[in-house]
Amino acid sequence: MTPDRSTNDISFFVIYMMMVIVIIMSTAINTSRSQPPYSCDQSSSSHKPLYPFCNVSLPIPNRVHDVVSRLTIDEKVLQLVNGAPAIPRLGISEYEWWSEALHGVSRHGKGVRFNGTITASTMFPQVILTAASFDSRLWYRIGQAIGREARAMYNEGQARGLTFWAPNINVLRDPRWGRGQETPGEDPLVVGDYSVSYVRGIQGDTFEGGKLDPYADHLQASACCKHFIANDLDNWKTADRYNFDANITQQDLADTFLPPFQKCVQQGQASGIMCAYNRVNGLPNCADYNLLTKTARQAWNFNGYIASDCDAVAIMHDVQGYSKLPEDAVSSVLKAGMDVNCGSYLKKYTKSAVEMNKLTEADIDRALENLFTIRMRLGLFNGDPKRGIYGNLGPQEVCSTEHQNLALEAARNGIVLLKNSLDFLPLSRTKTTSLAVIGPNAEATGTLLGNYEGVACKNITIFHALKHYVKNTRYHQGCVDYVNCTSIAIDEVLSIAKGVDYVILVMGLDQSQEREKHDRIELVLPGKQEDLVMAVARAAKKPVLLVLLCGGPVDVSFAKDDEKIGSILWAGYPGEAGGTALAEIIFGDHNPGGRLPMTWYPREFSNVPMTDMRMRPDPSSGYPGRTYRFYTGKTVFEFGHGLSYSNHSYKFVSSTQNKIILSPNKAIPSRSILVSRVGKGLCEKVEFMVAVSVENQGQASNHTVLLFAKWDDMDSNKHLTKQLVGYRRVSLGANESSEVEFVVKPCEYFSRANEDGLMVMQEGSYSLVVGDQEYDIDIVIR
């Protein structure tokens, strides 16, 4: 019997139409996904009236006031949390405040997704390694790249916000801190300078700053200085970041904890601040009116929004017991100056706080005005963002060749050569016929990225990068259970080590050892890593190279002092191009010029309680102090340490003066004076230029010059005796010399905080130090 063709045709038609519908729906979904959410849609399909807050010709403060005035109390409350819902009746889109971009647009947070046209982003080295370059312009360029990729992802509809909660500018006070890897290190100057460069880059400012009008809609993306303040303990023994009360002197606040944030706000013009979980001297940061309003907004003229760390408001009631009722917590943070809650606490309890007369609607309006100001400065109330000044940024911007090359440059310039006995490195590419790469981090990709990572454009392991140089390269992880290294495959490893020209051991830490919510207890390599290194070093034909991947420092004194370990390289968490950068350095295609941005302490430092916040030493109790500016104990490697494939010499060659006379108006003669009494005019008048000649005595270029200020005394206030005041990155040819100039600011470089937290200058002898060269300066007060 012949089949019924009409039935088959109908069936085919039905299937065909279903396929068409699926394609149309898929296209519609993809189209909606590629369309960023925005307010004030002025397209012809929209029939909503054009409210004054959509009028781009009006000043932003006027537009903000208009939009807030139109909201009901229920709508206002819902805008106080990170996931702010849309307000359809006013044509206001949803907004997600929580996105991350610590060292590249991150998969963490709730604002960004990688499931569309853009599936990856450039992963730069973790910040601690980037800081080791001591190159402010490099930091700026990285910020620029991240800002462009962030805006591109927004334009492509893969981001629901443009507020990125970075940089982390808490000073690395303790080497065990799990988040030390996220910071620019232990020096307040470096941390502050890094914040300025990163913020200017990501927000769309120039390197010098000053391009962005704080009342205009030209922000490329919004940066957030975090965690304000003294959030440098995550989970150590019985203390965690939620319950910890940091007892800090006014002196330490003034010269260590506050300066990076002040610089981030005043020079960087950051548009966001995040208040931290912990308490400082009994008061939760997010409820501290003096900190958020008097200091940040009034003293520093902060013009932006303040976010809580996630659930920081809830823990004030639930963990710290600071607030008797949830409404008390809500009231205290809004009155203190906080604007948006990462979490849901304000959504749940703000309205009831108003009803209980603990809070006024005016308090809410104040916060909302700050929040809507940022959204308008980002151009998100100007209609379609693709038609704005950043509308041309799209998928071609993400993982571009330029950005990937920048990631490689950053890794190259950050990696630090800690030891190089008898010029063991670089290895010869032509004479090295076989290589063994051994260790738990040699073939790991995720370890290269550190935390707050995204999806990398590409990720070449250290083993594969080295194999590009020496085809006969063998690999073994050495530790059976990777970095934990509770056991080692000793027989296999030694067999490999004995049969090759050179052995490279890739050891260290990973996110199982140091991360958010997890601090270290010890400062040594985990498990049997040290045993593995020593066994291989004994078996190998020649000295071995030890490569360390870690954010915080480790005590590798055993390797520093062992002649069988020829060289040590610290590579932090070097990002997506870290494997390539290491291979280039090992084989001499690039000269390591990085310097340590933190002190490497001996294992005995683990006996110092992490909860002790004092920066200054206390000889009477044996407390050694913290960071190179105050620490009095032994070190494994000092802050600023870093070797090169060339030797460099320094010489102070010119200066306009070596005596500074301060003659402020004062009734009573004194050998010391408050900087505030000296005055801005006189401080600027006594600034001078000093030039240092730097000579490269070898072949390799790429060198970092560090300038320190030094005091000859340790007075009764336990002031610092040495601090970094300048740094320059130079590139010199073989046997070439060049002069590097520094502007010396005596009121800044030679002042120290007194016990009241006030900066004081003292009469006496000082010096500027570069390498082994000193330039003496006398300060006279009369």
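This passage walks through the helices, cores, cavity, pocket and unusual backbone spots of a predicted model.

Start with the nonpolar interior. The largest nonpolar core takes in 247 residues, and the members that touch the most others are Leu 548, Trp 570 and Trp 600. Helix H5, covering residues 136-155, is the top contributor to this core, giving nine residues. There is also a second, separate core, made of six residues, with Leu 523, Tyr 601, Phe 605 and Val 608 among them. As a general background point, nonpolar side chains in soluble globular proteins tend to be buried together.

Two helices show how covered a helix can be here. Helix H13 runs over residues 361-377. Its 17 residues reach 24 Å from the first C-alpha to the last, close to the 24 Å expected at 1.5 Å a residue. Of those 17 residues, 13 are buried, so H13 is largely enclosed by the rest of the structure. Just after H13 comes Gly 379, with a positive phi of about 80°.

Helix H7 is shorter on paper, spanning residues 250-257, and mostly covered, with seven of its eight residues buried. The buried set consists of Gln 251, Asp 252, Leu 253, Ala 254, Asp 255, Thr 256 and Phe 257. What covers them includes three helices, H6 (188-203), H8 (259-266) and H21 (627-630), along with strand S25 (751-753).

One H7 residue, Phe 257, turns up again in the lining of the largest cavity. How many cavities of 30 Å³ or more are there? The count comes to one. The largest cavity holds about 40 Å³ of space. Besides Phe 257, its lining is made up of Ile 169, Asn 170, Val 171, Ile 229, Ala 230, Asn 231, Asp 232 and Phe 261. By class, that lining has six nonpolar residues, two polar and one charged.

Ile 229, part of the cavity lining, also sits at an unusual stretch of backbone. A cis peptide bond joins Phe 228 and Ile 229, with omega at about 20°. Another cis bond runs from Lys 226 to His 227, where omega is near 0°. His 227 belongs to strand S4, residues 222-228, whereas Ile 229 lies in the loop between S4 and strand S5 (235-236).

On to the pockets. The second largest pocket has a volume of about 500 Å³. It is lined by 21 residues, and the closest to its centre are Arg 595, Gly 640, Gly 642, Tyr 650 and Gly 771. Three strands each give two or more residues to this lining: S18 (648-655), S22 (703-711) and S27 (764-770). Strand S22 gives the most, with three residues. Sorted by class, the lining of the second largest pocket comes out as eight nonpolar, nine polar and four charged residues.

Some loop residues also deserve a look for their backbone angles. Asn 281 has a phi near 55°, a positive value in a residue other than glycine. It lies in the loop between strand S9 (279-280) and strand S10 (283-284). Is Asn 281 buried, exposed or partly exposed? With a relative accessible area of 39%, Asn 281 is partly exposed, because the partly exposed class covers values between 20% and 50%.

Leu 422 is not a glycine either, yet its phi is positive, at about 50°. Its home is the loop between strand S12 (416-420) and strand S13 (435-438). Leu 422 counts as exposed because its relative accessibility is 86%, and the cut-off for that class is over 50%.

Finally, there is Asn 735, in the loop between strand S23 (722-730) and strand S24 (737-744). This residue counts as exposed because its relative accessibility is 52%. What does Asn 735 contact, leaving aside its neighbours within four places in sequence? The partners are Asn 696, Gln 697 and Gly 698. As for Leu 380, it is 355 residues away from Asn 735 in sequence and 54 Å away in space, C-alpha to C-alpha.

Methods: Residues numbered from 1 in each chain as written. Predicted model: local features only at pLDDT ≥ 70, side-chain atom pairs only at ≥ 80, totals over all residues. Heavy atoms only, no water. Buried < 20%, exposed > 50% of the residue type's maximum accessible area, 1.4 Å probe, protein only. Helix = DSSP H or I, 4+ residues; strand = E, 2+ residues; numbered from the N terminus. Contact = heavy atoms within 4.5 Å. Expected span 1.5 Å × (residues − 1). 1 Å grid on protein atoms, 1.4 Å probe; cavity = no way out; pocket = protein on both sides within 12 Å on 5 of 7 lines; lining within 4 Å. Points joined across faces, edges and corners; volume = space filled by probe spheres on them. Nonpolar A, V, L, I, M, F, W, Y, C, P; charged D, E, K, R; others polar. Core = buried A, V, L, I, M, F, W, Y, C linked by side-chain atoms within 4.5 Å.
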